[in-house]
Each structure stands twice: as structure tokens, then as C-alpha cells.
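Student: I have a structure open in front of me and I'd like to learn how to read it. Could we go through it feature by feature?

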Amino acid sequence: MRVMVWEIKVSKLCNLRCGYCYEFDELSDPRRISLENWRSILESVRWYQEILERRGEPVRTQIIWHGGEPLLLPLPYYREVLALEREIFGDRLNRVYTNHIPTNLFKVPEETLAFLRAEQFRMAVSFDGMSGVRVDGAGKPTEQRVEANLRRLLDEGWTLGCDTVLARHNAGALLDVYDRIRKIASSSAGRLYWNILPLHSDSGRAPFSLPDSEIVDALFRLFARWAGEERSIDLWPIEIYYLDVVRKLRGLQREYYDRRRFGESALLVNTDGLLYLLSDFYDPARSLGSIFTHSLEEIMASPAYAASLDRDDERARRYCGTCPYDGYCNHEPLLNGRRDEPGEHCSLGFPIHERIEAWLVERGLDREGTDAALPHLDCLVEEKSAS
């Protein structure tokens, strides 16, 4: 099942002041997207879903209510937008079009939470597992309160994502964070997915960012721990890198992401209506246009959109053309990563693939007939059955 993601910056208002937040200067701004502008977004969402479906492949569209902190939005606002979604999407809401919220889960408005559950929203909780960075407006740590709320929702049977920013404060202790999150997941009735979001040295707020080499070291240490243990938690992007390497060792080619052939997989709408690719967000020179004043159909016929395709083609030629993992990796580390990579290959995907492959080769797991010994190969089986 193909997924198309619309990341909507609904409001920048937030109750935390995380040290590495790239929205830091706007976290006191209460403005949010109007219903009129939501209509413009949702009509383009529906138009593009229908375009993708005409190509004959199953597609699901995810609408991400990003921020800021989405749980600060008033309940009547949610009701109004959901009514608009039902008008535009009809009975395909929650079957084809799904709503998602990333939240810091510091404060949990009970009525809003009950509404979101009734409306089948999916939720992902930001939790770094280390104190000192994710603080409230008074500079006080939030981890204990967020963990308590996370455990509570899991005990109530929620399926949740857990988003951990990999940065200076927790890179050296990432295995401890892994153990903590596994313990939370294993002791709960719900299901938890763990997503690791690296903070590059040229993104975010500088005191917390990491050189690429340290990010790769931390991710590889985590892979080695994960590969040596019984699988108890879904772990992204480690599973993706690992399966790319298994494909290479077994000669299992895959179609990789190409915007000209397959269209978009993710678009970001800022609060002001400017539309971006994830790799270009907040660079006005690379905005695709305003989704509030132009339909996506008009934007995709524009010179700005054509220029974005040319840029991505050039990046793929430069970084992927000579990569030994090309054809096994789907280009996602490059196209949804930074704009400019410092070497001849992407600065995270390529070295972590190399180190995982070396780890498998060292253990003799690169040869035919050793599939039964490969750790967590059920990930690949599940992926095949879902495709």
C-alpha cells in the first residue's frame, strides 16, 4: 500500500520550549489555519489522491496535523475541520484518508483526546528519553510527565508512534533510551512504534546538533543491539536500512522513489500556505507556491514545480548513480533529507548501509542458504505481504 503524506503546519503555538526546535521563534504565535484555507488544502488532497488512484495502485493519504502542539487546538476547531473533511472525503474518511497527530503529550485535554480516538486519529508522541532539552515554558523537564501519559494511553489500548530526536543530549545514551522504550512497550497493552529523527549538524539549533559521523555511530550501535535481541518493537529507520542491505545481498531489486514516474510521497504546507517538499521546507526560494491561492493542479503545472523536479533528478544522479545500494534503497534518505550532502553519496544512508553490510558479512550472513540465521527477517516477509 502506497502512502501519500500531507504535513500541515496547523499552528505553531506550543506549551514546550525544546532547545533544538526549528520553530522556536514562532512558538508563542496562536494563529492557525482558517476553515477557508483548510478547504483549499483538502480539495487538493482529494484531487491528488484521485490522480494517484487512476494509475492503478492502492494509495492511502495521511493528513498530519503538525505544529507547534496540536493538542492545544480547541475542540470546536477539530469538530469544524472534521466536518469539512466529511464533506470533501465522504465515506472514504478513515478508510482512504486518515488523520495523524504528532504531540508532546505534556498536557492531555480529556475531551479532545476522547474526540480524537472516536474519530480514529493516529498519534505519535515526542519522547527523547533524556532530560534537559524538552522543557516547559519555565525551563522545567517534562520527561516524567510525558512518560506517564504515554504509559497511560498504551494501557488504554492505543497504538502509538514514539518520535525520538537523536541529538547531542542523547546520542551517547541511545542504547539506554532503547531499553527504556522497549520496557514501556513490553509492559503495555497497546502497541508502540519507535521513530528516530536525527538532528544534522546543519539543521535545528546548533548546540544540540551532531556531525553525521556521530549520528551514524549511534544508529549502528543501535542496529547491533536490535539485531542481537528478540524483536519486540518496530524500529525506524533501522529496519529500513537493514532490509535494503538484505535486498542487496540477495539481489532483490526494488523500484525506487522517482517523483517524475510515481508522483509525490510527501508535501508540507506551512501555516502561511506555502507548499514545500520536505527537503526544501522553509526555503522561500524553493517553495512550490501557495496552496491557499492556487490548487495543487495549478502548482504542479508551474515553473517552480518543474524546477524542483530538475533539482531532485540532479541530486539523484550525483549521489545515487554510483552507489552500490542503488536499486535496493528507494532514495528516501536522499530525497527527504538535507538539500546538500557533503560527499559523493548521501551522508547518513550510505555509511550506515555499509556498516550493516560489513556486520552481516563478518558473521557469514551474506551467503546463500543463511536466510534462517538472519535476524528479524520477518520484517522483509511482512513488507512483501503488504506490497
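Student: Let's start with Phe262. Which helix does Phe262 lie in?

Tutor: Keep in mind that this is a predicted model. Phe262 sits in helix α8, which covers residues 259-262.

Student: Which residues is Phe262 in contact with, leaving aside its neighbours within four places in sequence?

Tutor: Contact here means heavy atoms within 4.5 Å. By that rule Phe262 meets Arg2, Leu52, Arg55, Glu255 and Tyr256.

Student: And how far apart are the C-alpha atoms of Phe262 and Tyr276?

Tutor: They are separated by 17 Å, with the two positions 14 residues apart along the chain. For another pair, try Ala301 and Arg79: they are 222 residues apart in sequence, and their C-alpha atoms lie 34 Å apart in space.

Student: Is Ala301 buried or exposed?

Tutor: Exposed means over 50% relative accessible area. Ala301 has 65% relative accessibility, so it counts as exposed. You'll find Ala301 in the loop between α9 (296-300) and α10 (303-320).

Student: Now the sheet. How do strands hold on to each other in general?

Tutor: Strands of a sheet pair through backbone hydrogen bonds, and the pairing can be parallel or antiparallel. In this model there is an open sheet of 10 strands with mixed pairing, and its order reads β7-β6-β5-β4-β3-β2-β1-β8-β9-β10.

Student: Which are the edge strands?

Tutor: Those are β7 (234-236) and β10 (289-290), each of which pairs on one side only.

Student: What about β1: why is it described as largely enclosed by the rest of the structure?

Tutor: Count its buried residues. In β1 (residues 2-9), 7 of the 8 residues are buried, so the strand is largely enclosed by the rest of the structure.

Student: In which sense do β1 and β2 pair, parallel or antiparallel?

Tutor: Parallel, over 8 bridges. To find the pairing on screen, look at Trp6, which stands opposite Ile63 in β2.

Student: And over how many bridges do β2 and β3 pair?

Tutor: Strand β2 (residues 59-66) and strand β3 (residues 97-103) pair over 4 bridges, in the parallel sense. Here you can use Thr61, whose bridge partner in β3 is Tyr97.

Student: Where do the side chains of a strand point, as a rule?

Tutor: In a regular strand they alternate between the two faces of the sheet. For a residue to look at, take Ser126 in strand β4 (residues 122-126).

Student: Is Ser126 buried or exposed?

Tutor: The cut-off for buried is under 20% relative accessible area. Ser126 comes in at 18%, so it counts as buried. Setting aside residues up to four places away in sequence, Ser126 touches Thr103, Asn104, Arg134, Val146 and Asp163.

Student: Let's turn to backbone geometry. Which peptide bond next to Gly68 is cis?

Tutor: The one from Gly67 to Gly68, with omega near 10°. Gly68 belongs to the loop between β2 and α2 (75-89). Another cis bond runs from Trp236 to Pro237, with omega near 5°. Pro237 is placed in the loop between β7 and α7 (238-250).

Student: What is the phi of Leu105?

Tutor: Leu105 has a positive phi of about 55°, although it is not a glycine. Leu105 lies in the loop between β3 and α3 (110-118). At 0% relative accessibility, Leu105 counts as buried.

Student: And Tyr282: what is its phi?

Tutor: Tyr282 has a positive phi of about 70°, and it is not a glycine either. Its loop runs between β9 (274-276) and β10. With 25% relative accessibility, Tyr282 counts as partly exposed.

Student: Let's zoom out. How many helices and strands does the protein chain have?

Tutor: The chain has 13 helices and 10 strands. Its radius of gyration is 21 Å, close to the 21 Å that the globule rule gives for 387 residues, so the chain is as compact as a globular protein of that length. The C-alpha atoms fill a box of roughly 60 × 50 × 40 Å along the principal axes.

Student: What percentage of the residues is buried?

Tutor: Buried residues make up 56% of the 387. As for contacts with a separation of 6 or more, 70% are between residues 24 or more positions apart.

Definitions and conventions
Residues are numbered from 1 along each chain as its sequence is written. This is a predicted model: local features need pLDDT of at least 70, side-chain atom pairs count only at pLDDT 80 or more; totals for chains, interfaces and linings use all residues. Side-chain values use heavy atoms; hydrogens and water are left out. Helices (H or I, at least four residues) and strands (E, at least two) are DSSP runs, numbered from the N terminus. The radius of gyration is taken over C-alpha atoms; the globule rule is 2.2 Å times the number of residues to the power 0.38. Buried means under 20% relative accessible area, exposed over 50%, partly exposed in between (1.4 Å probe, protein chains only). Two strands pair if DSSP finds at least two bridges between them.
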